[in-house]
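User: Please take a close look at one part of this structure, namely its interior. I should like to know what a search for cavities returns, and how the buried parts of the chain are set among their neighbours.

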Amino acid sequence: MQDSPARRTFLKAGAAAAALVLTGCTGQPGAPRSTATTSRVPLPANLKFTMGTAADPAVLDPVLAVDTESFRITRQVMETLVGVNRDTGVPAPGLATEFTEEADGRAYVFKLREGVTFHDGTAFDAEAVRANFERWFRLPRALRPSSGSLPYSAVFGSFADEEPESVYRGCEVLGPLEIRLELNRRYTGLVAALSMPSFAIASPAALEAKTADKLSEERGGRRLSAFGLHPVGTGPYRLKEFSEGKVLLEEFDQYWGPAAQVGTVEFTTLSHPAARLRELRTGDIDGYDLATPETYAGLVRGGMQILQRDPFAVTYLGINKAFGPLDDVRIRQAIAHAIDRDALLKSFFLQGSVEAKQFVPPSLGVNSEDIPYYEYAPDRARELLAEAEYDGAELPFYYPLDVTRAYLPTPEKIYAELSRQLTAAGFNIRPKPVAWSDGYLDRVRESKDQALHLGGMNGSYRDPDNFLGTLFGTESSEFGLDSAQLTSRLARARTLEPGEERTAAYLQINEQLARLLPAVPLAFPVSALAMGPRVESYPASPMLNEPCNLIRIRSEA
């Protein structure tokens with residue numbers, strides 16, 4: 001039988017992984033553990049790496065997480081069926097070594113990796129995979145956000161109590177290490193989507209023992225399950241401590257993949273960029289994420305390493321169409337014309353960041369100069385406000401405090417400049433600052449007085465649906481968006497084979513979004529990490545897939 005194109009792609013990635021196994025015995029960085037008799041140069045053991053992060057993780061149950069700091073931790077502890085090439089974003093073997101597409105894209109057979117063990121000592125097998133898919137599908141309503149959606153919804157559409165709308169149909173065990181995933185309809189990007197950290201495979205025994213679907217604990221004002229505080233997976237590290245301002249991981253010595261040089265990894269929360277720089281320069285941390293423009297000079301003077309990630313995120317100004325005067329498209333157009341993106345890029349984003357005219361990074365090939373674009377034209381903004389008879393109604397503008405995100409390097413300053421520009425065009429802006437740790441994302445989605453807000457997202461896999469489906473694929477109180485036509489177009493585009501028809505479908509969606517204006521895209525930002533002199537290499541990735549077992553520390557003299 002001839003392989004499908006999707007299967008051929010995966011097998012090429014598998015061949016590359018096999019090549020790594022063959023070269024692993026030479027002791028190269030990232031060498032997998034091997035039972036081969038050829039000796040491998042031993043790496044120094046029990047080294048510690050300390051990473052400064054901008055915020056605490058919210059929850060360590062990946063199916064419930066929506067923030068990058070949570071995923072930063074869960075990626076180390078838990079793994080997905082499908083991996084991803086950290087440089088290109090192309091799907092690669094993960095806990096599955098290969099897959100075959102069947103039934104015209106409405107089913108996929110996955111062959112699973114042998115010899116993999118969960119941190120609790122139980123075996124990874126087909127029954128474990130089936131249990132995870134069934135748990136995601138039947139996730140209780142009490143665990144889902146009251147507004148907004150989880151990544152599962154963006155990919156599979158809906159849960160069991162909304163079954164007619166769900167892409168997921170079932171997961172059948174074909175053998176100890178083989179499953180068949182059945183879909184109600186085709187979803188072209190499914191294999192790539194399964195590389196999202198939300199779809200990490202948990203130990204079914206731990207899910208049961210830690211009552212993963214009962215919110216019996218509390219952390220920072222948020223209800224969590226015991227599993228959400230202590231996840232159990234197959235990753236290179238297991239969780240040792242999760243406390244306020246600190247997460248401690250220790251190497252899992254039975255990990256199937258590349259051996260870690262770093263035995264202990266500590267993530268310490270330093271919300272202010274200047275604090276992260278100070279701790280790096282004093283040697284209290286080995287590296288930190290989200291270097292900002294104002295700290296660049298200090299990093300260079302201190303001789304630190306700066307590792308830039310290529311743009312694979314989008315920053316936007318969200319507009320709640322359901323809020324009072326914003327229902328008038330002329331007022332939303334006036335907002336877009338009032339924004340000077342060039343001034344924002346030059347002042348608050350790292351060099352290499354580019355202006356966003358649509359919501360999908362240009363590297364995904366569904367952008368067009370023919371789609372409506374609202375250039376900076378404050379006079380035109382004022383004309384539109386006059387036409388719409390805007391009476392100066394107050395517009396609450398939400399923005400986060402005490403945080404840095406790859407898509408929001410300095411949110412307070414970005415807000416201040418946007419507020420200045422909008423006020424100059426005639427808008428009446430009321431600031432609504434919310435600390436990130438106080439649930440900024442939830443407040444944006446749930447507050448009835450939210451008119452405008454700063455937002456963004458990091459891409460996890462290379463498909464337009466990762467951006468468009470996640471942001472606009474379902475009705476959302478974040479944008480007040482309720483376009484059945486847009487939802488239908490997004491659902492259709494997901495089913496199309498890669499090619500001209502699919503590209504045309506996403507271009508049509510981009511054009512509709514430009515006319516609806518649920519948000520104004522601002523930037524495709526570059527993000528950067530800073531590393532101290534002890535760090536020899538760090539696996540930086542635009543998709544933020546950065547396993548710590550690949551970190552290499554320079555040997556002490």
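Analyst: A cavity, as the term is used here, is a set of grid points where a 1.4 Å probe fits but cannot get out. The model is a predicted one, and every value below is computed from it.

Searching the whole structure yields five cavities of 30 Å³ or more. The volume of the largest is about 850 Å³, and the second largest holds about 110 Å³ of space.

The second largest cavity is lined by 15 residues, among which Lys357, Pro372, Ala514, Leu517 and Pro521 are closest to its centre. Helix α17 (500–516) and strand β22 (519–524) each contribute at least two residues to this lining. Sorted by class, the lining of the second largest cavity comprises eleven nonpolar, two polar and two charged residues.

The largest cavity has a lining of 49 residues, and those nearest its centre are Val66, Asp67, Gly456, Met457 and Asn458. Two or more lining residues come from each of α2 (68–77), α4 (151–156), α14 (440–446), β21 (452–458) and α15 (464–472). Of these, β21 provides the largest share, with six residues. The lining of the largest cavity includes 26 nonpolar residues, alongside 13 polar and ten charged ones.

Two of the elements just named, α14 and β21, are connected by a loop that contains Gln450. The relative accessible area of Gln450 is 0%, and this residue is therefore classed as buried, for which the cut-off is under 20%. Apart from residues up to four places away in sequence, Gln450 touches Asn320, Phe323, Pro396, Tyr398, Val444, Ser477 and Glu478. With one of these, Val444, there is a polar approach: the side chain of Gln450 reaches the backbone oxygen of Val444 at 3.1 Å. As a measure of distance across the model, the C-alpha atom of Gln450 is separated by 28 Å from that of Asp61, a residue 389 places away along the chain.

A second buried residue, Thr53, belongs to strand β1 (residues 47–53). Its relative accessible area is 3%, and Thr53 is therefore buried by the same cut-off of under 20%. When neighbours within four places in sequence are set aside, the contacts of Thr53 are Glu69, Arg72, Phe267, Thr268, Thr269, Leu270, Ser271 and Arg276.

Burial can also be followed along a whole element. Strand β23 (residues 527–531) is largely enclosed by the rest of the structure, because five of its five residues are buried. In a regular strand, side chains alternate between the two faces of the sheet. In β23 both faces are covered: buried Ser527, Leu529 and Met531 lie on one side, and buried Ala528 and Ala530 on the other.

Strand β23 also has pairing partners. It runs antiparallel to β15 (residues 287–289), to which it is joined by three bridges; here Gly287 has Met531 as its bridge partner. Strand β16 (residues 305–309) likewise pairs with β23 in the antiparallel sense, over five bridges, and within this pairing Leu307 is matched with Leu529. Met531 and Leu529, the two bridge partners named in β23, belong to the side of the strand that also carries Ser527.

How values were computed. Residues numbered from 1 in each chain as written. Predicted model: local features only at pLDDT ≥ 70, side-chain atom pairs only at ≥ 80, totals over all residues. Heavy atoms only, no water. 1 Å grid on protein atoms, 1.4 Å probe; cavity = no way out; pocket = protein on both sides within 12 Å on 5 of 7 lines; lining within 4 Å. Points joined across faces, edges and corners; volume = space filled by probe spheres on them. Helix = DSSP H or I, 4+ residues; strand = E, 2+ residues; numbered from the N terminus. Nonpolar A, V, L, I, M, F, W, Y, C, P; charged D, E, K, R; others polar. Buried < 20%, exposed > 50% of the residue type's maximum accessible area, 1.4 Å probe, protein only. Contact = heavy atoms within 4.5 Å. Pairing = 2+ DSSP bridges. Polar contact = N/O pair within 3.5 Å; in protein donor to acceptor, adjacent residues only side chain to side chain.
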